[in-house]
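Subject: A structure for you to look at

Hi,

Here is the structure I promised to pass on to you. Please open it beside this email and turn it around a little before reading further.

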Amino acid sequence: MTAVLVLFVSLLDGTQREPIVLTGAMPHLMCMSLSQPMAAKWQGEHPKHKIIKIACADPKQLAAYLGRHAA
């Protein structure tokens, strides 16, 4: 089973919520183990944003997943 790492982020004031797809398809367990370090790296590079949610999503169903979780 493969997954892509998706961050749901917003500006610090809570506006402009959006999903960010950080990776291409990788094994789901690898996505789970890399999610925290990659999210921390992204957060360090984007200090004006906050991460609301981290998800490992099936790339075949990514469009539906993003639509269902869009803010």
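Below is what I found in it, going from the whole chain down to single residues.

Please keep in mind that this is a predicted model.

**The whole chain**

The protein chain has 2 helices and 4 strands. If you walk along the sequence, these elements come in the pattern β-β-β-α-β-α. The C-alpha trace spans about 35 × 25 × 15 Å along its principal axes. Is that what we would expect of a globule? What helps here is the radius of gyration: a compact globule of 71 residues would have one near 11 Å, and the protein chain has 12 Å, so the two agree.The surface can be described in numbers too. The accessible surface of the protein chain comes to about 4,500 Å², and 60% of this belongs to carbon and sulfur atoms. Of the 71 residues, 30% count as buried. The chain carries 7 positive and 4 negative charges, and the mean positions of the two groups are 5 Å apart.

How much of the contact count comes from residues 24 or more positions apart? Among the contacts with a separation of 6 or more, such pairs account for 61%.

**The disulfide**

The structure holds 1 disulfide. C31 and C56 form it, with their sulfur atoms 2.1 Å apart. This pair links distant parts of the chain: C31 sits in helix α1 (residues 28-45) and C56 in strand β4 (residues 49-57), 25 residues apart. The angle about the S-S bond is -95 degrees, and the link is left-handed. Are the two cysteines buried or exposed? Both C31 and C56 are buried.

**S10 and Q16**

Next, find S10 in strand β1 (residues 2-11). S10 has a relative accessibility of 0%, so it counts as buried. Leaving out residues up to four places away in sequence, S10 touches T15, Q16, R17, K48, H49, K50 and I52.

One of those partners, Q16, deserves a look of its own. Q16 is found in the loop between β1 and β2 (18-21). With 58% relative accessibility, Q16 counts as exposed, because the cut-off for exposed is over 50%. Most residues other than glycine have a negative phi. Q16 is not a glycine, yet its phi is positive, at about 55 degrees.

**H46 and P27**

H46 lies in the loop between α1 and β4. Its relative accessible area is 28%, so H46 is partly exposed. H46 and L11 are 35 residues apart along the chain, while their C-alpha atoms are separated by 9.5 Å.

Now compare that with P27, which lies in strand β3 (residues 26-27). P27 has 46% relative accessibility and therefore counts as partly exposed. Which residues does P27 contact, leaving aside its neighbours within four places in sequence? The answer is M1 and T2. P27 and K48 are 21 residues apart in sequence, and 30 Å lie between their C-alpha atoms.

If you would like a place to begin, try the disulfide of C31 and C56, then move on to S10 and its contacts, K48 among them.

Happy exploring, and write back with any questions!

Best wishes

Definitions and conventions. Residues are numbered from 1 along each chain as its sequence is written. This is a predicted model: local features need pLDDT of at least 70, side-chain atom pairs count only at pLDDT 80 or more; totals for chains, interfaces and linings use all residues. Side-chain values use heavy atoms; hydrogens and water are left out. The radius of gyration is taken over C-alpha atoms; the globule rule is 2.2 Å times the number of residues to the power 0.38. Buried means under 20% relative accessible area, exposed over 50%, partly exposed in between (1.4 Å probe, protein chains only). Contact means heavy atoms within 4.5 Å. Accessible areas come from the Shrake-Rupley method with a 1.4 Å probe; for residues, only the protein chains shown count as cover. Lys and Arg count as positive and Asp and Glu as negative; His and the chain ends are not counted. The place of a charge is taken as NZ of Lys, CZ of Arg, CG of Asp or CD of Glu. A disulfide is a pair of cysteine sulfur atoms within 2.5 Å.
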